[in-house]
Amino acid sequence: MDSGRAAKHLKDKGNRCYAEHKYKDAIRLYTQAIEHDPDCDILYSNRAISYFKIDEYKESENDSRRAIQIDSKSVKGHYYLAQSLEKQCKLDEADNSYYKALVLSKEKSVREDLFLSIQESLFGLRRKKSQRDVDLQLKVVKDVKKYTMKMMDRCEELDPTIEIEEHSLKRYQLNSFFEQKEQQHAQSEAPDYLCCKITFDIMRDPWITPSGVTYEKKAIKEHLEFHSFDPVTREPCKLADIRPNLLAKEMIEDYLKKNPNLF
Amino acid sequence: MQYTKRLQKELQKIQSTPIEGITVGDVSNLQKWVVQLDGAKGTLYEGEHFTLQFCFPNNYPLESPEVIFIGNVPIHEHVYSNGHICLNVLYDGWSPVLSVSTICLSLQSMLSSATQKVRPRDNDNYVRNCFGKSPKQGRWLFHDDKV
């Protein structure tokens with residue numbers, strides 16, 4: 001048997017083991033296959049996901065990286081890399097890799113379920129990241145507030161000449177400043193101008209009418225199937241008149257990048 | 001419902017920034033709201049309280065909600081004694097960017113602009129014919145479109 005055929009045979013056996021959840025056997029078979037064919041990215045990405053399944057995230061990361069070295073456009077390579085990085089709490093790197101996997105899967109038009117699971121993983125990670133950031137910032141604000149209030153108490157004790165009235169005014173101002181900060185961090189609604197006037201939700205696919213009003217594509221399309229006017233201006237408008245609003249799309253993507261909890 | 005966020009946001013907004021004379025009551029069923037509407041000061045309805053019932057179809061806001069007065073029905077030339085309301089925006093004049101609060105404001109201004117308290121001319125006939133029907137099933141001939 002030539003080495004190409006031997007590698008394929010071992011890979012198929014490995015895939016069967018993987019399907020039966022025998023991950024250690026699968027890893028052994030993929031390793032043998034790699035000895036026959038060391039330049040096949042799929043063998044590495046298959047071994048990567050097998051390592052992932054038995055919680056060997058570092059090994060999984062290494063194999064994913066090898067797969068990407070061989071084929072920089074390997075969707076699964078980037079996807080598995082992202083998953084193993086996420087498990088190792090390297091959230092920013094994981095975000096990058098999920099994003100690459102998502103872009104590549106669009107380019108290469110992969111199976112839809114793979115695309116959707118990459119997308120869902122990315123959104124999930126971004127929610128996790130933003131929650132982490134919010135928690136962190138909130139903690140800093142609370143710490144600083146506590147410290148400042150304590151210092152103000154001390155000043156009052158130590159310095160009898162202090163103007164009590166002015167002091168309590170400042171205390172009040174600082175307090176409301178901190179409260180405002182706390183509220184800002186807890187903010188969870190998108191601004192109205194990025195929301196569709198029909199759905200009241202942040203737009204995913206913004207389309208604009210000739211009157212210049214932008215709506216969620218699905219909602220305005222459904223409206224125009226039965227009516228021929230712009231909902232806000234009531235000017236005549238037909239289904240064929242609407243166009244994607246690319247500026248709005250960029251703004252929304254940018255906003256979501258900064259506020260990933262709204263995904 | 002298709003656009004679930006829509007009603008949640010409307011409710012949130014109306015509760016966080018209330019409008020004078022409009023109070024949301026029972027909303028335990030998100031698709032059926034009860035809203036209290038107060039007669040505005042300096043109008044014929046000052047001091048009176050009315051209750052509106054909103055029923056939202058599954059494709060709200062693409063389709064208008066069904067809005068009627070229940071209980072104490074105001075005496076007004078565009079309001080039938082069974083609670084049905086003759087107001088263009090609730091039927092053919094509906095646009096999906098209108099909302100519970102804009103409807104309430106329209107109704108408030110409709111009541112406020114009244115110069116006399118009378119029932120619609122065809123009240124008895126209408127009420128007899130549409131017994132048990134939704135106002136959205138009828139064909140409306142609007143008495144005037146100025147409101």
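**Exercise 1. How much area does chain A expose, and what share of it do carbon and sulfur atoms supply?**

Solution. The model is predicted.
- Step 1: chain A exposes about 15900 Å².
- Step 2: carbon and sulfur atoms supply 52% of that area.
- Step 3: turn to the interior. Chain A has 263 residues, and 40% of them are buried, with under 20% relative accessible area as the cut-off.

**Exercise 2. Describe the fold of chain A from its secondary structure and contacts.**

Solution.
- Step 1: count the elements. Chain A has 10 helices and 3 strands.
- Step 2: put them in sequence order. The pattern reads α-α-α-α-α-α-α-α-β-β-α-β-α.
- Step 3: check the contact range. Take the contacts in chain A with a separation of 6 or more; 49% of them join residues 24 or more positions apart.

**Exercise 3. Size up the interface of chain B and chain A.**

Solution.
- Step 1: count residues. Chain A brings 17 residues to the contact and chain B brings 16.
- Step 2: take the area. About 1500 Å² is buried between the two chains, and carbon and sulfur atoms give 51% of it.
- Step 3: find the leading contributors. Of the area that chain B buries against chain A, 35% comes from Tyr3(B), Lys9(B) and Val97(B), more than from any other three residues.

**Exercise 4. Work out the polar side of this interface.**

Solution.
- Step 1: count salt bridges. There are 2 across the interface.
- Step 2: inspect one of them. Lys5(B) pairs with Asp201(A) through their side chains, N to O at 3.4 Å. This is a salt bridge because the cut-off is 4 Å.
- Step 3: count polar contacts. Chain B and chain A share 7 residue pairs of this kind, with both residues at pLDDT 80 or more.
- Step 4: sort by class. Where chain B touches chain A, its side has 7 nonpolar, 4 polar and 5 charged residues.

Technical notes. Residues are numbered from 1 along each chain as its sequence is written. Chains are lettered from A and ligands numbered from 1 in the order in which they are written. This is a predicted model: local features need pLDDT of at least 70, side-chain atom pairs count only at pLDDT 80 or more; totals for chains, interfaces and linings use all residues. Side-chain values use heavy atoms; hydrogens and water are left out. Contact means heavy atoms within 4.5 Å. Buried area is the accessible area (1.4 Å probe) that two parts lose on being put together, summed over both. A polar contact is a pair of N or O atoms within 3.5 Å; within protein, one must be able to donate a hydrogen and the other to accept it, and residues adjacent in sequence count only if both atoms are side-chain atoms. Ala, Val, Leu, Ile, Met, Phe, Trp, Tyr, Cys and Pro count as nonpolar, Asp, Glu, Lys and Arg as charged, and the others, Gly among them, as polar. Helices (H or I, at least four residues) and strands (E, at least two) are DSSP runs, numbered from the N terminus. Buried means under 20% relative accessible area, exposed over 50%, partly exposed in between (1.4 Å probe, protein chains only). Accessible areas come from the Shrake-Rupley method with a 1.4 Å probe; for residues, only the protein chains shown count as cover.
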